[in-house]
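Please find below a colleague's note on the structure, set out as numbered points. Each point takes up one region or feature.

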Amino acid sequence: MSIIALLTDFGLRDGYVGVMKGVIWSICPDAQIADITHQIEPQNVRQGALALQRTARFFPAGTVFVAVVDPGVGTARRPIAARIGEYYFVGPDNGLFSLVQQAAEAAGEPVTYVHADQKEYWLAEISRVFHGRDIFAPVGAHLAAGVALERIGTVIHDPAQLHEPQPQRLQKGGWRGEVVEVDTFGNLATNITMSHLDESPDVLVRIAGQQIVGMVRTFGDRAPGELIALWGTDRDLVVSVVNGSAAERLGVGVGAPVEVIPMSKA
């Protein structure tokens, strides 16, 4: 059975996701459809790219990801499909797949993109505002049904890329990075990872004029309401409030600077 995983910024109120599923099942009736999320902030391509980077590797090989965060719908931006490592991706050419691509290339995995320009794999009528229904869902369904990627369109070598900010080493030791995502709980995920620091808890974390002394292993290591730092599920440094929202407490969001300094260097 083929698996198609959906990620969009459509929400669930208006039925758009259901329409895409109907199109998929009309073409590939045996497809098993998984919903990654439909709560990406509207037009937030970067947030969608981060969500794909976080989740894709946990799906079975051969999964087709249909991702639609598409502020350029109806413009000259290309519809694309790709084979990245062991997976397939379908969506707009706006950088949505670039973080998955960059991780695959760093691991030495193959990457092939096509401009999904073969209209026989689209619906017959194409709207200017709903390519998720008219192009991306049917292309994903055809891939899941066994159509080869190279039949979907013309190979391209210049897909749009997002370039994530990288932490900078501090002269006094440690790293200066930034918040890259705020989750539903108000946790602040940063671009400082275990690859920059060892797992020693003996660090100072500075953010929004606050200083966190040391890191904890779990939320339960501190009392409710306390500001903490810990390693997240993606091996990234996360600033949180136990049973609360760090984003609200500190009044910061994506782009806020963060410094992490070993106590021996402070």
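1. A residue is called buried in this note if its relative accessible area is under 20%, exposed if that area is over 50%, and partly exposed in between. The model under discussion is a predicted one. By the criterion for burial, helix 2, which spans residues 45-55, has V45, Q47, G48, A49, L50, A51 and L52 as its buried residues.

2. The surroundings of helix 2 deserve attention next. Its buried residues pack against three strands numbered early in the chain, namely strand 1 (3-8), strand 2 (32-37) and strand 3 (64-68), and also against helix 3 (98-106) and strand 9 (175-182). As a general point on such elements, an α-helix has 3.6 residues a turn, so residues three or four places apart point the same way.

3. Aromatic pairing should be described explicitly. The structure holds 7 aromatic pairs. One of them joins F59 to F65 in an edge-to-face arrangement, with 5.2 Å centre to centre and 80° between the planes. F65 has a relative accessible area of 0% and is therefore buried. Another pair, F89 with F97, is tilted, the centres lying 5.5 Å apart and the planes at 45°.

4. Which residues do the ring pairs link into a cluster? They are F59, F65, Y87, F89 and F97. Within this cluster, F89 counts as buried because its relative accessibility is 0%. F97 is likewise classed as buried, at 2% relative accessibility.

5. F97 also appears in the lining of the largest cavity. The structure holds 1 cavity of 30 Å³ or more, and the volume of the largest cavity is about 30 Å³. Its lining consists of I80, P92, D93, N94, G95, L96, F97, S98, Y113, P159 and A160. By class, these lining residues divide into 7 nonpolar, 3 polar and 1 charged.

6. The second largest pocket should be treated separately from the cavity. About 300 Å³ of space lies in this pocket. Its lining comprises 15 residues, and those that lie nearest the centre are D9, F10, D70, V73 and V129. The lining of the second largest pocket has 9 nonpolar, 3 polar and 3 charged residues.

7. Is S245 buried or exposed? At 18% relative accessibility, S245 counts as buried, because the cut-off for burial is under 20%. S245 is found in the loop between strand 14 (236-241) and helix 6 (246-250). Its side chain reaches the backbone nitrogen of E248 at 3.1 Å. Setting aside neighbours within four places in sequence, S245 is in contact with F185 and G186.

8. H196 falls on the other side of that cut-off. With 21% relative accessibility, H196 counts as partly exposed. H196 is placed in the loop between strand 10 (188-193) and strand 11 (203-207). Residues up to four places away in sequence not being counted, H196 touches P167, W175 and N191. The C-alpha atoms of H196 and G174 are separated by 8.4 Å, while the two residues are 22 residues apart along the chain.

Key:
Residues are numbered from 1 along each chain as its sequence is written. This is a predicted model: local features need pLDDT of at least 70, side-chain atom pairs count only at pLDDT 80 or more; totals for chains, interfaces and linings use all residues. Side-chain values use heavy atoms; hydrogens and water are left out. On a 1 Å grid over the protein atoms alone, a cavity is a set of points where a 1.4 Å probe fits but cannot get out, and a pocket is an open set with protein on both sides within 12 Å along at least five of seven lines; lining residues have an atom within 4 Å of a point. Grid points are joined across faces, edges and corners, and a volume is the space filled by probe spheres set on the points. Ala, Val, Leu, Ile, Met, Phe, Trp, Tyr, Cys and Pro count as nonpolar, Asp, Glu, Lys and Arg as charged, and the others, Gly among them, as polar. Rings of Phe, Tyr and Trp (its six-membered ring) pair if their centres lie within 6.5 Å; planes under 30 degrees apart count as stacked, over 60 as edge-to-face and the rest as tilted. Buried means under 20% relative accessible area, exposed over 50%, partly exposed in between (1.4 Å probe, protein chains only). Helices (H or I, at least four residues) and strands (E, at least two) are DSSP runs, numbered from the N terminus. A polar contact is a pair of N or O atoms within 3.5 Å; within protein, one must be able to donate a hydrogen and the other to accept it, and residues adjacent in sequence count only if both atoms are side-chain atoms. Contact means heavy atoms within 4.5 Å.
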